[in-house]
Amino acid sequence: MRGPIAPPQVPLSVSRAESFVDLVQDSAERLERRWPQLSGVDFTVLEVPTSGLGGPGSGGGPDGHGGPDGWDGESVPLGRFIAARGDAPDRIVIYRRPVEIRAKNRDERALLVHEVVVEQVAELLGLAPESVDPRYGQE
């Protein structure tokens, strides 16, 4: 017999990448209820940060250092806040592979995703992560 192992509505048919995007969206929606101004923020998932040689005019990060996403190649970031420019809204990027590598199971992955989202929202709002979500670091 050939065919899908499970019908599309069954969680087995959801890829790891799709499941990860769902975790990020759930976390964003949870925070949006408390912080309505987040409704205009673009929450994005990328596989990994990219590296590159920085420097003004070289396509580096916003500060002229690191790759297009600002990574300096030293430590691997789990997420990043990118301030709005022109018509582009504020954006929060969560890097899937670095987060997955640090989490042992789905519950741990969900908790880490939420912590990373909270940290990036805190940077966006100029607040401490504990102010963004009082349960930050306690779960």
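Student: In this predicted model, which residue caps the N-terminal end of α3?
Tutor: Good place to start. Look for a side-chain oxygen that lies 3.1 Å from the backbone nitrogen of Asp107. The residue that supplies this oxygen, and so caps the N-terminal end of α3 under the 3.5 Å limit for a polar contact, is Asn105.

Student: And just after α3, which residue takes a positive phi?
Tutor: Step past the end of the helix, which covers residues 106-125. There the phi is about 70°, and the residue that takes it is Gly126.

Student: What distance should the 20 residues of α3 span, and what do the end C-alpha atoms show?
Tutor: Let's take the rise as 1.5 Å a residue. The expected span uses one less than the number of residues, so the 20 residues of α3 should span 28 Å. The model agrees, with the end C-alpha atoms of α3 apart by 28 Å.

Student: What do the buried residues of α3 pack against?
Tutor: The buried set in α3 includes Leu112, Val113, Val116, Val117 and Val121. Polar side chains belong to this set too, among them Arg109, His114 and Gln120. The partners of the buried residues are α1, β1, β2, β3, α2 (96-102) and α4 (129-132).

Student: Which strands does α3 lie across, and at what angle does it run to β2?
Tutor: Helix α3 lies across β1, β2 and β3. Its direction relative to β2 is given by an angle of about 25°.

Student: What about α1: at what angle does that helix run to β1?
Tutor: Helix α1 is made of residues 16-34 and lies across β1 and β3. Angles here run from 0 to 180 degrees between N-to-C directions. For α1 and β1, the value is about 155°.

Student: In what order do the three strands stand in the sheet?
Tutor: The sheet is open and its pairing is mixed. β1 (42-46) and β2 (79-82) each have a single partner strand, so one side of each is left without a neighbour in the sheet. Neighbouring strands are turned by 20° against each other on average, direction ignored. The order is β1-β3-β2.

Student: How many bridges join β2 to β3, and which residue is the bridge partner of Ile82?
Tutor: In general, strands of a sheet pair through backbone hydrogen bonds, either parallel or antiparallel. Here β2 and β3 (residues 91-95) run antiparallel, joined by four bridges. In β3, the bridge partner of Ile82 is Arg91.

Student: Is Thr44 buried or exposed?
Tutor: Thr44 is found in strand β1. Beyond four places away in sequence, Thr44 touches Arg91, Ile92, Val93 and Ile94. With a relative accessible area of 19%, which falls under the 20% cut-off, Thr44 is buried.

Student: Which side chain makes a polar contact with the side chain of Ser19?
Tutor: Ser19 lies in helix α1 and is buried, with a relative accessible area of 18%. Leaving aside neighbours within four places in sequence, Ser19 is in contact with Val14 and Arg106. The polar contact, at 3.1 Å, is with the side chain of Arg106.

Student: Is Ala103 buried or exposed?
Tutor: Find Ala103 in the loop between α2 and α3. Beyond its neighbours within four places in sequence, Ala103 is in contact with Glu108 and Arg109. The relative accessibility is 10%, so Ala103 counts as buried.

Student: How does Ala84 count by relative accessibility?
Tutor: Ala84 sits in the loop between β2 and β3. Pro89 and Asp90 are the residues that Ala84 touches, not counting residues up to four places away in sequence. At 43%, between the 20% and 50% cut-offs, Ala84 counts as partly exposed.

Student: To finish, in what order do the elements run from the N terminus on?
Tutor: The chain holds four helices and three strands. Buried residues make up 36% of its 139 residues. Of the contacts with a separation of 6 or more, 51% come from residues 24 or more positions apart. The order of elements is α-β-β-β-α-α-α.

Definitions and conventions. Residues numbered from 1 in each chain as written. Predicted model: local features only at pLDDT ≥ 70, side-chain atom pairs only at ≥ 80, totals over all residues. Heavy atoms only, no water. Pairing = 2+ DSSP bridges. Helix = DSSP H or I, 4+ residues; strand = E, 2+ residues; numbered from the N terminus. Contact = heavy atoms within 4.5 Å. Buried < 20%, exposed > 50% of the residue type's maximum accessible area, 1.4 Å probe, protein only. Polar contact = N/O pair within 3.5 Å; in protein donor to acceptor, adjacent residues only side chain to side chain.
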